[in-house]
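Please examine the sequence and the predicted model shown below. The paragraphs that follow lead through selected helices and strands and the residues by which they meet.

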Amino acid sequence: MQKRAPHRVAISFTGNTLTHFGGIYLLQSFFKRLKLRKQLHHHLRFRQRNNRYTIAEEMLALIYPISLGLGRIETSHLLKQNGVFQYLTGLPTYPNPTTLRRFLLRMAPLALPRLRKLHDRLLLSMIPRPNPPTKVIFDLDSTVLILYGKQEMARIGYNPQKWGRPSYHPLLCFNGITKDFWHGELRPGDTHTASGTVELLKVVFAKLPPSVKSVIIRADKGFYDHETIEYLESNKALFVIVAKLTAPVKREIASLSYRVHSSGLETAEFMYQPTRWKKKYRFVVVRRLIPEDPTDQLTLFSMGKYSYQVIVTNMKLTPLNTWRFYNGRAAVELIIKELKGDYPLGKIPTKHFAANEAYFHTLLFSYNLINWFKRLCLPTEFQNMTLKTLRSRLLLIPGELIRPDNRPTLKLPTNFLYKDAFEYALKKIEKFRT
């Protein structure tokens, strides 16, 4: 016998102790262990005209919606009606979007350098102390942030998706092993990829912990520049960088003898000194039959029935292993895709470049906070999840705040599928020490 549907259900808008962000308690507990509020308060001091919210509260009011994947600043107003969220995160009320935009504009010249220093301090504190790394891999990349308005520094440059639209062109560096954001800059859209690379690398090297003895740089053809390579060699760094297929390089690869591999790839190598370069370098060539789908990671050049991929390197790996090692850089493409999709990297919040730059670094700081949370607090199978998947499994949980015996208790679903992971995270957070 089938159950009858409910009849004459009463509706009452009185549920002021409910939330669908029950999993935010995990993030709040992790941030508490980091002493994040205290550190934001200590490091980001500047004069405020409006004292309704502290600087730390306004920063958290930006970090939480970014971490929850709420998108544009406007959508954060949903949290204004969520009293349980405010209680769990310790925010007395929630600022409106206009307040947050004004905060970003005030913060930019005064507190942004201090935020970046705080980020670097926390970044180094996440390095394992008993066995600090001796090798690090850095993946360099740039991306296009398409703009739809009259933002400062919006310029027309290389834009493969929307030709002729103004954009920003940020330069980014990630740790290829931990996936941590290491350093980056927001730039006008007409800035060439390689512009400012040496300056960025100087900061990247300056942040290295003393334990690191070996540095490897992976980058695409936008970073194929003699000044970049000379700087890397002067710092005894290894590199694998996609080469631009100039006419002399094309002539070289046409005359080589290739070794055939079981995978169907063919490899070769040659020594070559490009114009304006100070010496010869090793170039690795990988070719395959055109009918196969080529990887998007390297520059392709078709000649006859083959497509070619060329890398310049000072590593001593075989040509095939050099190509495989470079392909590990595909992870940074996925990170940027996640930053644009699950984090609001592509949602530029204001018309002021300085405020947008402050938001850019706040977003990447938030990305690292989530990355540290996953790596240090979650079970292994959760550590490579995207923010979208993490939200659906752990953060967006229906919850109810009750007070039996005047003790705040967060009630979560009885048959919660990821209860073990939730409890595992609570135990790891409890033991966590910076």
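The account begins with a contact between two helices. On the side of helix α1, the residues involved are Tyr25, Leu26, Ser29, Phe30 and Arg33, and on the side of helix α13 they meet Phe422, Ala425, Leu426, Ile429 and Glu430. Sorted by character, the residues of this contact of α1 with α13 comprise seven nonpolar, one polar and two charged. Helix α1 spans residues 24-34 and helix α13 spans residues 419-431; their axes come within 10 Å and cross at roughly 10°. The two helices, α1 and α13, are therefore roughly parallel to each other.

Helix α1 also packs against helix α11, which covers residues 353-377; here the angle is about 95° and the axes are 11 Å apart. This angle makes α1 roughly perpendicular to α11, because angles from 65 to 115 degrees count as roughly perpendicular. From α1, the contact draws on Leu26, Leu27, Phe30, Phe31 and Leu34, while α11 supplies Leu369, Ile370, Trp372, Phe373 and Cys377. The composition of this contact of α1 with α11 is 10 nonpolar residues, with no polar and no charged ones.

The next topic is the strands. As a general principle, the strands of a sheet pair through backbone hydrogen bonds, and the pairing is either parallel or antiparallel. Both senses can be followed in this model, starting with the parallel one.

Strand β7, residues 214-219, is mostly covered, since five of its six residues are buried. One of its partners is strand β2, residues 135-142, with which β7 pairs in the parallel sense over five bridges. Within this pairing, Lys135 stands opposite Ser214 of β7. Strand β7 is also joined to strand β8, residues 238-242, by four bridges, and these two strands run parallel. Here Arg218 stands opposite Val240 in β8. Between β7 and β8 the chain passes through helix α7, residues 226-234, and this β-α-β crossover is right-handed.

Strand β10 offers an example of antiparallel pairing. It comprises residues 266-272, and five of its seven residues are buried, so β10 is largely enclosed by the rest of the structure. With strand β9, residues 259-260, β10 pairs in the antiparallel sense over two bridges. Arg259 has Thr267 in β10 as its bridge partner. Together β9 and β10 form a hairpin with five residues between them, and Gly264 in the turn has a positive phi of about 100°. Strand β10 is further joined to strand β11, residues 281-289, by seven bridges, and these strands run antiparallel. Thr267 appears again in this pairing, where it stands opposite Val286 in β11.

The last topic is a small group of strands: which order do the three strands of the open sheet follow? The order is β1-β14-β15, and the pairing is antiparallel. Strands β1 (18-19) and β15 (409-411) stand at the edges with a single partner strand each, so one side of each is left without a neighbour in the sheet. The pairing of β1 with strand β14, residues 399-402, is antiparallel and involves two bridges. In β14, Glu400 is the bridge partner of Leu18.

Technical notes. Residues numbered from 1 in each chain as written. Predicted model: local features only at pLDDT ≥ 70, side-chain atom pairs only at ≥ 80, totals over all residues. Heavy atoms only, no water. Axes fitted to C-alpha atoms, helices over the stretch in contact; angles between N-to-C directions. Parallel < 35°, antiparallel > 145°, perpendicular 65-115°, else oblique. Contact = heavy atoms within 4.5 Å. Nonpolar A, V, L, I, M, F, W, Y, C, P; charged D, E, K, R; others polar. Buried < 20%, exposed > 50% of the residue type's maximum accessible area, 1.4 Å probe, protein only. Pairing = 2+ DSSP bridges. Right-handed = clockwise from strand over helix to strand, strands pointing away.
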